[in-house]
Amino acid sequence: MFLFQGNSMQLARSSFGLFLRNCSASKTALPVLTLFTKDPCPLCDEAKEVLKPYKHRFILQEVNITLPENSAWCERYKFDIPVFHLNGQFLMMHRVNTSKLEKQLLKLEQQSARG
């Protein structure tokens with residue numbers, strides 16, 4: 001169970017809303033990996049390179065935290081990017097943890113296969 005304080009609940013709703021929009025816009029059952037980023041972000045570029053072998057297993061959605069509409073995310077993650085959410089849930093930050101990503105993708109793929 002997650003406990004939210006202040007605008008964290010709004011952030012959770014916003015992230016989940018982004019996830020739902022992608023699901024409804026897409027005819028695929030692929031999970032959505034959201035990358036919170038800014039320009040420039042060398043660590044984000046490095047992370048995207050690490051993700052390339054997995055790109056067929058998720059939809060990558062980038063959120064530029066420096067845009068005015070993403071100010072809540074900027075406030076939360078300005079010192080931590082890159083930050084990743086998988087299907088609207090926090091997954092990892094700073095660098096790609098491939099074992100964590102693989103574990104979560106397999107879990108989602110198994111759930112999807114069971115229908």
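Which residues does L101 touch, leaving aside those up to four places away in sequence? In this predicted model, where local features need pLDDT of at least 70 and side-chain atom pairs count only at pLDDT 80 or more, totals for chains, interfaces and linings use all residues. Residues are numbered from 1 along each chain as its sequence is written, and side-chain values use heavy atoms, with hydrogens and water left out. The partners of L101 turn out to be L33, L51, Y54, L91 and M92, a contact being heavy atoms within 4.5 Å.

L101 also shows up among the residues with the most contacts inside the largest nonpolar core, along with L33, L51, F84 and L91. That core has 13 residues; a core here is a set of buried Ala, Val, Leu, Ile, Met, Phe, Trp, Tyr and Cys residues joined through side-chain atoms within 4.5 Å, and buried means under 20% relative accessible area (1.4 Å probe, protein chains only). Two or more core residues come from each of β1 (32-37), α2 (42-51), β3 (83-86), β4 (89-93) and α4 (98-114), with helices (H or I, at least four residues) and strands (E, at least two) taken as DSSP runs, numbered from the N terminus. A second, separate core of nine residues includes C44, V63, Y77 and I81.

As for the sheet, four strands line up as β2-β1-β3-β4 in an open, mixed arrangement, where pairing takes at least two DSSP bridges between two strands. β2 (59-64) and β4 sit at the edges with a single partner strand each, so one side of each has no neighbour in the sheet. β1 and β3 run antiparallel, joined by four bridges, and L35 has F84 in β3 as its bridge partner.

Note on methods
Buried < 20%, exposed > 50% of the residue type's maximum accessible area, 1.4 Å probe, protein only.
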